[in-house]
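Visitor: Please give me a close look at one part of this structure. I should then like to follow the account from there into the rest of the chain.

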Amino acid sequence: MKALIPAAGLGTRFLPATKAQPKEMLLVVDRPAIQYVVEEGLASAADEVVIVNSREKKAIEDHFAPNPELVALLRERGKDAYADAVEAVGSYPVSYVYQEEALGLGHAVRCAAEKTAGEPFYVLLGDVLVPDNGMLPAMQAVSDAHDGASVIAVMPVPDDEVSRFGVIAGAPISDDVWKVDALVEKPALEDAPSNLAVFGRYLLSPRVMELLADVQPGVGGEIQLTDALDAVLAEEEMYALIVDPADGFDTGTVESWLETNNILFQRKNG
């Protein structure tokens with residue numbers, strides 16, 4: 001089972017900082033943001049993390065590559081803790097596929113079709129950090145309880161933010177699980193079927209990957225993952241796990257990245 005991390009975007013909101021440095025490599029306390037996401041994927045049922053990368057973002061691949069020379073130098077200088085950290089990150093089972101054009105999240109996921117090989121797979125959006133690594137196992141438990149159904153993470157959002165997100169329609173089957181009937185992209189508040197917004201973590205059945213092959217470009221000429229999820233609902237059940245806002249952090253804007261740094265720094269340092 002693979003965990004896919006789309007990472008080929010331009011990082012426009014962070015320019016000029018991301019002109020030469022990938023947004024995914026921006027520091028969050030003591031690690032690049034993407035390292036949190038890779039470690040979360042490896043803490044789940046996944047046996048490998050697949051980063052859907054741009055060929056321009058070599059820094060991501062350099063970060064996860066072994067560097068025995070640096071490790072040896074650090075050990076020679078008595079900096080064993082740093083050597084251990086560098087050695088560990090260079091040993092993670094990470095591989096890469098490439099998105100040659102920025103044609104949307106659905107297209108990015110589809111680029112990894114050969115890697116998933118007809119198996120269920122996770123999708124972890126790199127803008128979202130889950131430092132305790134507990135969300136994917138909880139989603140896996142929901143899927144296991146419902147015959148391997150797809151599961152998406154959702155989070156309650158304030159009324160004035162509903163129109164910024166994709167939200168779910170459906171009905172609760174327990175305190176923290178809904179059966180999903182539809183996904184509605186950025187609805188007006190009066191048209192929103194719920195206040196539960198898709199959060200950036202997905203556990204998807206193999207059928208979703210198959211359907212992505214037939215999804216036509218939608219808004220902005222991009223291939224949307226949401227369109228494949230809508231299509232799979234006609235054939236399979238889908239569930240949503242409601243997650244606590246304190247468990248996940250958005251780093252997609254400069255403001256939210258700064259806030260995440262502050263919160264996680266305080267957590268790390270008591």
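**A helix crossing and beyond**

Guide: Helix α3 passes helix α4 in a left-handed crossing, a name used when the near helix is turned anticlockwise from the far one by less than a right angle; a clockwise turn is called right-handed. The model is predicted, so local features need pLDDT of at least 70 and side-chain atom pairs count only at pLDDT 80 or more, while totals for chains, interfaces and linings use all residues. Residues are numbered from 1 along each chain as its sequence is written, and side-chain values use heavy atoms, with hydrogens and water left out.

Helix α3 covers residues 68–76 and helix α4 residues 80–89. Helices (H or I, at least four residues) and strands (E, at least two) are DSSP runs, numbered from the N terminus. The axes of α3 and α4 come within 8 Å and cross at roughly 165°. Such axes are lines fitted to C-alpha atoms, for helices over the stretch in contact, with angles from 0 to 180 degrees between N-to-C directions. The two helices are therefore roughly antiparallel: this term applies over 145 degrees, while under 35 is roughly parallel, 65 to 115 roughly perpendicular and the rest oblique. On the α3 side, L70, V71, L74 and R75 meet D80, Y82, A83, D84, V86 and E87 of α4; contact means heavy atoms within 4.5 Å.

Let us turn to the interior. In soluble globular proteins, nonpolar side chains tend to be buried together. A nonpolar core is a set of buried Ala, Val, Leu, Ile, Met, Phe, Trp, Tyr and Cys residues joined through side-chain atoms within 4.5 Å. Buried means under 20% relative accessible area, exposed over 50%, and partly exposed in between (1.4 Å probe, protein chains only). The largest core has 39 residues, of which I34, I51 and F64 touch the most other members. Helix α1 (residues 33–42) gives the most to this core, with five residues. Leaving aside residues up to four places away in sequence, I34 touches I5, A7, E24, M25, I51, I60 and F64. A second, separate core has 32 residues, including V52 and L196.

E24, one of the contacts of I34, also forms a salt bridge with K57, at 2.9 Å from N to O. A salt bridge is a side-chain nitrogen of Lys or Arg within 4 Å of a carboxyl oxygen of Asp or Glu. The pair links distant parts of the chain, 33 residues apart: K57 is in the loop between β4 (48–53) and α2 (58–63), and E24 in the loop between β1 (2–6) and β2 (27–28). K57 is buried at 9% relative accessible area, and E24 is buried at 8%.

A search of the whole structure finds 17 salt bridges. In one of them, K268 and D30 have their closest N and O atoms 3.3 Å apart. K268 lies in helix α10 (residues 254–268) and D30 in the loop between β2 and β3 (31–32), so the pair ties together parts 238 residues apart in sequence. K268 is exposed at 54% relative accessibility, whereas D30 is partly exposed at 39%. Helix α10 also holds N261, which is buried at 16%. Residues up to four places away again aside, N261 touches L27, V28 and V29. Finally, salt bridges link K2, D47, E48 and K115 in a network.
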